[in-house]
Amino acid sequence: MNKILVFCAVIGSFWGFESFASTHEAHEHGLARMDLVVEGKEVEIEISGALDNFLSFEHKPETDAQRKEVRDMAALMRNAGALFVFPAEARCRLEKLSLDSEILGKDLLAPEGSKQRDAHEHGREAHEDHGDLDADASFICLSPEKLTGVTVNMFSVFPNLRRMEVRMVTPKGQKAAELSPEANILRW
Ligand SMILES: [Zn+2]
């Protein structure tokens with residue numbers, strides 16, 4: 001697969017640059033960042049990366065097909081128990097998932113019929129060339145002592161995603177790791 005690296009910093013090269021640079025890490029197609037924190041029974045996973053990893057476009061959806069693509073992607077993300085698979089004996093279940101993207105807006109990312117869909121909150125109107133997505137998942141594990149790792153199935157679900165940079169904090173300490181389609185298991 002073609003690996004295209006795009007750094008958005010260049011598009012903010014006027015007065016907007018400073019605030020852009022301070023709130024965003026480099027925007028790179030094919031790469032997502034993952035922060036994983038295990039504390040007691042709770043596991044928090046935060047994913048952030050270019051929208052291009054998860055969709056075929058990075059602008060505000062303009063057609064019904066694009067709106068459907070966003071809803072389908074959000075549904076795949078909400079099924080986070082399939083994206084992040086813990087050892088069965090740790091008895092983990094997804095508690096909460098939130099999705100955020102300045103470009104897409106909350107109404108398309110929320111489950112159909114949920115309160116957020118009535119909020120009429122729309123994505124930024126600006127003509128952006130690039131955008132990011134943040135996903136935060138919280139799991140509760142009833143037998144956390146059996147929690148020794150997680151299999152990350154993001155790559156097969158989102159084929160544009162090629163690499164994940166991981167920072168994790170677990171009872172075993174802090175660790176950095178890198179995941180790819182060929183190496184998608186984190187152990188601690
Ligand atoms: Zn981009």
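In strand 6, V150 stands opposite L186, a residue of strand 9. That pair is a good place to begin a walk through this predicted model. Strand 6 covers residues 149-152, and three bridges tie it to strand 9 in the antiparallel sense. On its other side, strand 6 meets strand 3: two bridges join them, again with the strands running antiparallel. One pair to look for here is F84, which stands opposite V152 of strand 6.

Put these pairings together and you have an open sheet of three strands, in the order 3-6-9, with antiparallel pairing. Its edges are strand 3 (84-85) and strand 9 (185-187), each of which pairs on one side only. In general, the strands of a sheet pair through backbone hydrogen bonds, and they may do so in parallel or antiparallel fashion.

Now follow the side chains along strand 6. They alternate: V150 and V152 point to one face and are buried, whereas G149 and T151 point to the other face and are not buried. Two residues met so far turn up again in the interior. The largest nonpolar core has 41 residues, and F84 and V152 are among the four that touch the most other members, along with I45 and A74.

A74 takes us to helix 2. This helix is made of residues 64-78, and its 15 residues should span 21 Å at 1.5 Å a residue; the C-alpha atoms at its ends are 21 Å apart, so the expected span and the model agree. Which residues of helix 2 are buried? They are V70, M73, A74 and M77. Viewed down the helix axis, these buried residues fall within an arc of 100°, and therefore they line one face of the helix. The face turned away from that buried side carries the exposed residues D64, A65, K68, D72 and A75.

What lies over the buried side? The cover for the buried residues of helix 2 includes helix 3 (80-83), strand 4 (92-100), helix 4 (106-109) and strand 5 (132-141). For A74 itself, leaving aside neighbours within four places in sequence, the contacts are with L99, L108 and L109.

Between strand 3 and strand 4 there is a loop, and R91 lies in it. The backbone here is worth a look: phi of R91 is near 50°, a positive value in a residue other than glycine. Is R91 buried or exposed? It falls in between: R91 counts as partly exposed because 15 other C-beta atoms lie within 10 Å.

Next, turn to another group of strands. Strand 1 (residues 31-39) runs parallel to strand 7 (residues 163-170), and seven bridges join the two. In this pairing, L31 has R163 of strand 7 as its bridge partner. Strand 7 also pairs with strand 8 (residues 173-179), through seven bridges, but here the strands run antiparallel. Strand 7 and strand 8 make a hairpin with two residues between them. T170 stands opposite G173 of strand 8.

The loop between strand 7 and strand 8 holds K172. With 11 other C-beta atoms within 10 Å, K172 is exposed. K172 and W188 are 16 residues apart along the chain, and their C-alpha atoms are separated by 6.5 Å.

With these parts in mind, step back to the protein chain as a whole. It has five helices and nine strands, and from the N terminus on they run α-β-β-α-α-β-β-α-β-β-α-β-β-β. Of the 188 residues in the chain, 29% are buried. Among the contacts with a separation of 6 or more, 61% are between residues 24 or more positions apart.

Finally, how confident is the prediction? The mean pLDDT of the chain is 85, and 79% of the residues reach 70 or more. Over residues 1-23, though, the pLDDT is below 50, and this stretch has 20 contacts in the model beyond near neighbours in sequence. Residues 117-121 also have a pLDDT below 50, with eight contacts in the model beyond near neighbours in sequence.

Note on methods: Residues numbered from 1 in each chain as written. Predicted model: local features only at pLDDT ≥ 70, side-chain atom pairs only at ≥ 80, totals over all residues. Pairing = 2+ DSSP bridges. Helix = DSSP H or I, 4+ residues; strand = E, 2+ residues; numbered from the N terminus. pLDDT = per-residue confidence, 0-100. Contact = placed C-beta atoms within 7 Å. Expected span 1.5 Å × (residues − 1). Buried ≥ 20, exposed ≤ 12 C-beta atoms within 10 Å, placed from the backbone. Arc of directions from axis to C-beta. Core = buried A, V, L, I, M, F, W, Y, C linked by C-beta atoms within 7 Å.
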